[in-house]
Amino acid sequence: MSEKIIATLTALSFTSKYVIVLLLMTIQSACIPIPSEIIMPLGGSALCHSQFQLVVLATLASLASNLGSGLAYWIGASGGRPMVERYGSYVLLSRHDLDRVDNFFTRFGSWAVLIGRMTPIIRSFIAFPAGVAKMNQVRFHLFTFIGSWPWCYALAYIGMRLGASFDTDPRFKEFFHRFHLGVEALLLMGIIWFVTSHWKNRIRTEPT
């Protein structure tokens, strides 16, 4: 996947590169598992050559994350628990999962989103349960931005510092190749674990 992103970014204009990175960050925050651990370093490598550009990219990427998270939040808040109980079997959700989400947000409140936005994999999915839990929307967007910014900045910074070595040092290319394969493998393992562990306990739609 990362090779395709690299090829796409290389062939595009500066403005188009920004559009692609921000679009991917929007999508990955709407419960679509596109690893930001790949998107932002590549974005930092392709778009950042100064501290100011890093700050701009991290800020815009965080706003894009807010946009995608807002959609997932709205779906969760609009349908709420009844929607998940009715249609949850299609995405292998169990009532136990809903209870855990309720308890998690009851215990940690707004901090759940802040922590979730800085946690790999979880950051892509935290918005939907926040909506189901009816978290205050202003706090949700505020904590989403605060949690996203350092994450986006750090990954873009790594990309900027190492970007110059990508085309000149074959060892870096090999390292990044292994890194993104590791990220994708972990994501695949997570999906397999979720499917196998939730299949027997999925919510079944009751006849109306």
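A residue counts as buried under 20% relative accessible area, as exposed over 50%, and as partly exposed in between. Trp-149, at 26% relative accessibility, is therefore partly exposed. The model described here is predicted.

**Overall architecture**

The protein chain contains 10 helices and zero strands. Along the sequence its pattern reads α-α-α-α-α-α-α-α-α-α. Of the 208 residues in the chain, 42% are buried. Among contacts with a separation of 6 or more, 78% are between residues 24 or more positions apart. The accessible surface of the chain comes to about 11500 Å², with carbon and sulfur atoms supplying 69% of it.

**Nonpolar cores**

In soluble globular proteins, nonpolar side chains tend to be buried together. The largest nonpolar core in this model has 21 residues, and Val-21, Met-25, Met-40 and Leu-57 have the most contacts inside it. Helices α2 (14–28), α3 (36–47), α4 and α9 each give at least two residues to this core. The largest share, six residues, is supplied by α9. A second core, separate from this one, has 15 residues, including Tyr-73, Ala-77, Ala-127 and Met-135.

Met-25 illustrates the surroundings of one core residue. Leaving out residues up to four places away in sequence, Met-25 touches Ser-36, Ile-39, Met-40, Ala-61, Ala-64, Ser-65, Arg-123 and Cys-152.

**Contacts of helices α4 and α9**

Ser-62 belongs to helix α4, which covers residues 51–87. Its relative accessible area is 0%, so Ser-62 is buried. With residues up to four places away in sequence not counted, Ser-62 is in contact with Phe-145, Ser-148, Trp-149 and Cys-152.

Asn-66 is also found in helix α4. This residue is buried as well, because its relative accessibility is 10%. Beyond its neighbours within four places in sequence, Asn-66 contacts His-141, Thr-144 and Phe-145. Phe-145 thus appears in the contact lists of both Ser-62 and Asn-66.

Met-160 is a residue of helix α9. The C-alpha atoms of Met-160 and Gly-44 are 4.7 Å apart, although the two residues are 116 residues apart in sequence. Besides Gly-44, Met-160 touches Ser-45, Cys-48, His-49, Ser-50 and Leu-54, again not counting residues up to four places away in sequence.

**Aromatic pairs in helix α9**

A pair of aromatic rings is described by the distance of the centres and the angle of the planes. The structure holds four aromatic pairs. Two of them are given in the table.

| Pair | Centre to centre | Angle between planes | Arrangement |
|---|---|---|---|
| Trp-149 and Tyr-153 | 5.1 Å | 15° | stacked |
| Tyr-153 and Tyr-157 | 6.3 Å | 15° | stacked |

Planes under 30 degrees apart count as stacked. The angle of 15° between Tyr-153 and Tyr-157 therefore makes that pair stacked.

Trp-149 and Tyr-153 are four residues apart in helix α9 (residues 137–166), so about one helical turn separates them. Tyr-153 and Tyr-157 lie in helix α9 too, four residues apart, or about one turn of the helix. Ring pairs link Trp-149, Tyr-153 and Tyr-157 into a cluster.

The members of the cluster can also be described by accessibility. Tyr-153 is buried because its relative accessibility is 18%. Tyr-157, with a relative accessible area of 32%, is partly exposed. Trp-149 is partly exposed at 26% relative accessibility, and Trp-149 is also one of the residues touched by Ser-62 of the helix α4.

**A nonpolar surface patch**

Phe-104, Phe-108, Trp-111 and Ile-115 form a nonpolar patch on the surface, and together they have about 400 Å² of accessible area. Helices α5 (95–108) and α6 (111–117) are the elements that give two or more residues to this patch. Phe-104 is located in helix α5. Patch residues have over 30% relative accessible area. Phe-104 has 35% relative accessibility, and therefore counts as partly exposed.

Note on methods: Residues are numbered from 1 along each chain as its sequence is written. This is a predicted model: local features need pLDDT of at least 70, side-chain atom pairs count only at pLDDT 80 or more; totals for chains, interfaces and linings use all residues. Side-chain values use heavy atoms; hydrogens and water are left out. Patches are made of residues with over 30% relative accessible area and no salt bridge: like charges are joined within 9 Å, nonpolar side chains (Val, Leu, Ile, Met, Phe, Trp, Tyr) within 5 Å. Accessible areas come from the Shrake-Rupley method with a 1.4 Å probe; for residues, only the protein chains shown count as cover. A salt bridge is a side-chain nitrogen of Lys or Arg within 4 Å of a carboxyl oxygen of Asp or Glu. Buried means under 20% relative accessible area, exposed over 50%, partly exposed in between (1.4 Å probe, protein chains only). Contact means heavy atoms within 4.5 Å. Rings of Phe, Tyr and Trp (its six-membered ring) pair if their centres lie within 6.5 Å; planes under 30 degrees apart count as stacked, over 60 as edge-to-face and the rest as tilted. A nonpolar core is a set of buried Ala, Val, Leu, Ile, Met, Phe, Trp, Tyr and Cys residues joined through side-chain atoms within 4.5 Å.
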